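Please open the model in a viewer and keep the selection panel at hand. The tour begins with the whole chain and then turns to a single position.

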Amino acid sequence: MIDAVLKRGGTGGYASDPEIFAGIDLLAATEGLLTEPAGGTTIAVLEKMAAAGRFDADETVVAIITGNGLKTLDDHPAKPWPAKVACERDAMISALAELKSEVSLADNARGRLAP
């Protein structure tokens, strides 16, 4: 693998476990995707490459993330996870209504009107 990358002018990187889990959290927070550690590694290494100036701010970078983080939830550092909602229409509608109500209350507390 390393030989193939080098022969084609490519580059690679590595990340520590804390950096990998930070990459997972960053992807979840910014894109709404829960990936497994391989996806977190991709994001963590891209973040390092960006900081090192390996590509310009206006360049397009494609990160392929295919793994689902649900299969590795037990491997994540302890953190509060959102409550699970039953995979049933009425439960989902109720959870969305509750979330909208919480957002509306928070917006009103900050002096903003929710739509």
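Accessible areas here come from the Shrake-Rupley method with a 1.4 Å probe. With the entire protein selected in this predicted model, the exposed surface amounts to about 8900 Å², of which carbon and sulfur atoms supply 59%.

Next, colour the chain by secondary structure. The protein contains four helices and zero strands, and its elements follow the order α-α-α-α from the N terminus. A colouring by burial is also instructive: 17% of the 115 residues count as buried. As for the contacts between residues at least 6 apart in sequence, 50% of them join residues at least 24 apart.

Now select helix H2 (17-31) and helix H3 (37-51), and move to the loop between them, where Thr 35 is found. Is Thr 35 buried or exposed? Its relative accessible area is 1%, and because buried means under 20%, Thr 35 is classed as buried.

Display the side chain of Thr 35 together with that of Glu 36. A polar contact of 3.3 Å joins these two side chains. Then add the backbone of Gly 67: its oxygen lies 3.3 Å from a polar atom of the Thr 35 side chain.

Finally, which residues are in contact with Thr 35, leaving aside its neighbours within four places in sequence? Select Ile 24, Leu 27 and Gly 40, then Ile 65, Gly 67, Asn 68, Gly 69 and His 76, to show these contacts of Thr 35. Gly 67 thus appears in this set as well as in the approach of its backbone oxygen to the Thr 35 side chain.

Definitions and conventions
Residues are numbered from 1 along each chain as its sequence is written. This is a predicted model: local features need pLDDT of at least 70, side-chain atom pairs count only at pLDDT 80 or more; totals for chains, interfaces and linings use all residues. Side-chain values use heavy atoms; hydrogens and water are left out. Helices (H or I, at least four residues) and strands (E, at least two) are DSSP runs, numbered from the N terminus. Buried means under 20% relative accessible area, exposed over 50%, partly exposed in between (1.4 Å probe, protein chains only). Contact means heavy atoms within 4.5 Å. A polar contact is a pair of N or O atoms within 3.5 Å; within protein, one must be able to donate a hydrogen and the other to accept it, and residues adjacent in sequence count only if both atoms are side-chain atoms.
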